[in-house]
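Me: Please take a close look at a single part of what is shown below. Short sentences, please, and cut-offs for the terms.

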Amino acid sequence: MKRLLLALLLLIVSGAAQAALNVVATTPNMGMLARTVAGEHADVRILAPADRDAHYLQVRPNMMAALRRADLVVSVGAELEIGWLPPAIQGAHNPRIQPGQRGYFEAAAQVDLMDAHGVADRSLGDVHPAGNPHIYFDPVRMAEAGEALAERLASMDEANADAYRANARASPNRCENICPRGKLSLKARQGPCCIIRTPII
Amino acid sequence: MKKKQFGVLATVALVTAWGSQSVALAQVGEQPRGTNAQAPASAQHRDPLDSPGLRPRGLNTGQVGAGTLFNPEISVILDGVFYWDDEDGDIPTPAGFGGGHHHHGHGHDHAHGELDQGFNLRETEIVFAAAIDNYLDAVVTLAIEGDSGIEVEEAYAVTRALPAGFQMKFGKFLSDVGYINKQHPHDWDFVDRPLMNELLFGDHGLQEKGVQVSWVPATPFYTRLGVEVLQGETSGVANYVGSGRHEIVGYAEGTGGTPDRLRWRTNYGLDDVDGPRLFTGFAKFAPDLGYEHALQVGVFGGYARSFQDVETHSSGRVEAWDGDGWFAGTDWVYRYDAGRSYGHGDWRLQAEYMYRRLSLDYFEGVPGEVGSTTSPEFQNRETRKNDGLYIQAVYGFAPRWSAGLRYDVVGLTNNDGYDSFDESHRYSANVTFTATEFSRFRLQVNHGRYEEDDDHGHGDFTQVMLQYNLSLGAHGAHSF
C-alpha cells in the first residue's frame with residue numbers, strides 16, 4: 001500500500017516537474033498555431049482529428065484525461081467548440097485551464113471577429129452570434145492570434161519568452177511571409193482571408 | 001364682448017408662455033450652459049405638456065451597467081409522448097419488485113412516470129446554469145411534471161478551483177453511480193428509463209441531497225473516483241418514513257351493513273434516523289483508444305443505513321419494514337465515432353448491471369385501537385434480493401437517423417424475503433430522427449414479458465411510443 005502511494009505520488013510529482021509546457025489544442029489548426037509559436041518548449045496534443053467537424057464533436061474521456069494534465073488549452077473559441085469543450089473542461093478537474101484563467105486561450109478572443117452581434121435565431125441554422133469563429137482561414141487574424149499566444153506563453157514561461165515572440169513573428173501565417181511586403185494591402189482586409197478578398201498587386 | 005375674449009386669449013397666452021418658460025428652466029439643468037439661449041425651448045417642444053422626462057431617451061441613460069449579462073443560461077426542454085399499449089394503460093409491476101410479498105396488485109393507481117393512452121406531456125425541464133463566481137458553477141433544473149406541479153430535479157454547485165484533481169458537488173443532484181443515472185430523460189437514447197434503474201432505485205433514479213467529492217488523477221488514461229454522502233430518501237434503496245404518528249383511513253363493518261369509515265392516527269414503530277443515511281462510491285476508467293473509439297468501465301456501490309417502508313390497508317392492517325441495505329453494480333459504455341456527417345455510422349453500446357439487498361425487520365398487524373399509542377413490535381426478519389441489467393445498442397444508419405435495440409431483464413436474483421420469482425424481460429426497438437441538436441423525434445416499440453406476483457405466471461404486453469424532444473434556449477453540452 002505504501003509503495004503504491006509512493007508510486008502515485010511520484011507520478012503526480014513527475015507530471016508537475018516536466019520542463020516543457022503541456023499544451024492541448026482543440027483542433028489541428030490550433031495545434032499548428034501552438035506548435036509554431038511554442039516550438040520545442042511545449043508538448044502539443046490535439047483533441048479533434050482533421051477529418052472531424054469540430055462543431056459536432058462529443059466529449060470523450062480521453063479529452064478529459066488530456067485536459068487534466070494541461071497547462072494551457074488553445075481553442076478556436078467564439079463557441080465553435082461549445083458542444084464538447086465546456087463539459088470536457090469541467091470533467092478534467094483542472095483549475096489551471098478554466099475560462100478566465102491563464103491556461104485558457106481562445107484565438108477568437110484575440111482578434112476582431114466578423115459578423116459579430118448579428119441577429120441570432122436557431123431557425124437560421126448553426127449561426128455563431130458571437131461572431132465568425134473561423135478565423136483560421138485568415139492569415140492576418142491567425143498571425144494576430146499567434147502573437148497573443150506568444151505573449152500568453154511568455155507569461156507562463158518567462159525563460160523562453162523571447163523564443164515565443166520570435167516564433168510568432170516568423171510565423172508562416174504572417175502575410176508578409178506569404179506575399180512579399182508591400183504587395184499586399186493589410187488595410188483593406190475585410191473578408192475571411194485577405195489574400196482572396198483583396199488581391200492587390 | 002371683445003374685451004372679454006381678448007382677456008381669455010391673453011390668459012391662455014400667458015399660461016402657454018409660463019409653461020414654455022418652465023420647460024426651458026427644466027432644461028437648463030440637463031444641457032450645457034449657454035445652449036439654452038441659442039436653441040429656444042419652444043422650438044424643441046412645441047407641446048408644452050411634452051416634458052422631457054416623459055420622452056424615451058434612447059440608450060443614453062447616463063448609466064453604465066451589465067444589464068442582463070449576468071443572467072444564467074436558460075433552456076427549456078419539451079418532452080411529449082403519444083402512447084399506446086395493449087393493456088389499457090395498466091402495465092403491472094414485475095414480480096418481486098412491488099415492495100414486498102404482501103403487497104398485491106397496484107390496482108389502478110398510476111405509478112409516477114406511467115403514461116396514459118394517447119397524448120402525454122412528460123416533464124418540461126427548465127434549466128438555469130451559470131458560474132456563481134470564480135470558485136463555483138451552479139445548475140438548477142426544474143421539472144414541471146405533466147401539466148402541474150414543479151419539482152426541483154437538480155440544484156447544485158460544483159467547484160472549479162480545487163487543487164490536485166479534486167472536485168466537489170453539493171446540493172440536490174443525480175448521483176454519478178452507474179452511467180444512465182446521472183442523465184436527464186432528454187439525454188436518453190430510449191423514451192423510457194431502463195427497468196433496472198427504475199425498479200432498483202425508483203422513478204427518478206438515485207436523485208438525492210448531499211455532497212459528492214470526486215478525484216481525477218493526472219494519469220494518461222481517464223480515471224475518476226468519487227464518494228457521495230446523501231440524505232437517503234430514494235425509494236428503491238433508502239426509503240424513509242421516520243417516527244411520528246400517521247393517519248390511517250380504514251373501514252369497519254358498521255350498523256345496518258354499511259361500512260363505517262374510520263380514521264385514526266398511529267405510530268408505526270419506526271424510529272427517526274438522522275441524515276445522512278445513504279453513502280455511495282463509484283469508480284470510472286477509460287483507456288485512451290484514440291479518436292474513433294471510447295470505452296468507459298465503471299463500478300459502483302452504496303450502503304443505506306436505514307430503509308423503512310409502510311403499507312397500510314383499508315382493513316386497518318399495517319405492514320411495516322425497518323432495516324438497512326446495500327447495492328453494487330457495474331456500467332460499461334463503448335462509443336464508435338465514424339467521423340461522418342450527423343452521426344452516420346456511429347455506434348453507442350451501453351450495459352449496466354446492479355444488485356440490491358435489503359435486510360428488513362417486518363411487522364404486520366393492526367397497530368392499535370383508535371387513540372392508542374402503543375408501538376408495534378417487529379417480529380420477523382426478511383432479506384430482499386433483487387438485481388437487473390440492461391444492454392442497448394444504437395447505430396446511426398443514415399445522417400441524422402439512428403436505430404436502437406435494448407434488452408432489459410430484472411430479477412435474475414429475485415427474492416422478496418418469502419418467495420423467489422422468475423425474471424421479467426422487456427425488449428425495445430426504436431428509430432430516432434435527430435433533425436438538429438435541438439429537436440429529436442423517436443418511435444419506440446416495447447414488448448414485455450413480466451412475471452406476475454400472485455399466480456406465478458407471466459403476462460405479455462406491447463407498448464408503442466412516439467416522442468418529441470425539443471430544446472429551447474441556451475442548453476449546456478452534455479458530458480460523456
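Reply: What follows is a close look at chain A, ending with one of its helices.

This is a predicted model, where local features need pLDDT of at least 70, side-chain atom pairs count only at pLDDT 80 or more, and totals for chains, interfaces and linings use all residues. Residues are numbered from 1 along each chain as its sequence is written, chains are lettered from A and ligands numbered from 1 in written order, and side-chain values use heavy atoms, without hydrogens and water.

Start with the layout. Chain A holds eight helices and four strands (DSSP runs numbered from the N terminus: helices H or I with at least four residues, strands E with at least two). From the N terminus, the order is α-β-α-β-α-β-α-β-α-α-α-α. The run therefore closes with four helices after the last strand.

Next, burial. Chain A has 201 residues, and 46% of them are buried (under 20% relative accessible area; exposed is over 50%, partly exposed in between; 1.4 Å probe, protein chains only). The accessible surface of chain A is about 10200 Å² (Shrake-Rupley method, 1.4 Å probe). Carbon and sulfur atoms supply 56% of that surface.

Now contacts (heavy atoms within 4.5 Å). Take those in chain A with a separation of 6 or more. Residues 24 or more positions apart account for 62% of them.

Helix α3(A) spans residues 61-68 and is mostly covered. Eight of its eight residues are buried. The list opens with A:Pro61, A:Asn62, A:Met63 and A:Met64. A:Ala65, A:Ala66, A:Leu67 and A:Arg68 complete it.

Finally, helix α6(A), residues 161-169. How do its buried residues lie around the axis? The buried residues are A:Ala161, A:Tyr164 and A:Ala168. Seen down the axis of α6(A), they fall within an arc of 65°, so they line one face of the helix (the arc is taken from the directions from the axis to the C-beta atoms).

What covers that buried side? The cover includes strand β1 (21-25) of chain A. It also includes the helices α2 (28-38) and α5 (139-156) of chain A. Turn to the face away from the buried side, and the exposed residues are A:Asp162 and A:Arg169.

Set the two helices side by side. In α3(A), A:Arg68 is among the buried residues. In α6(A), A:Arg169 is exposed.
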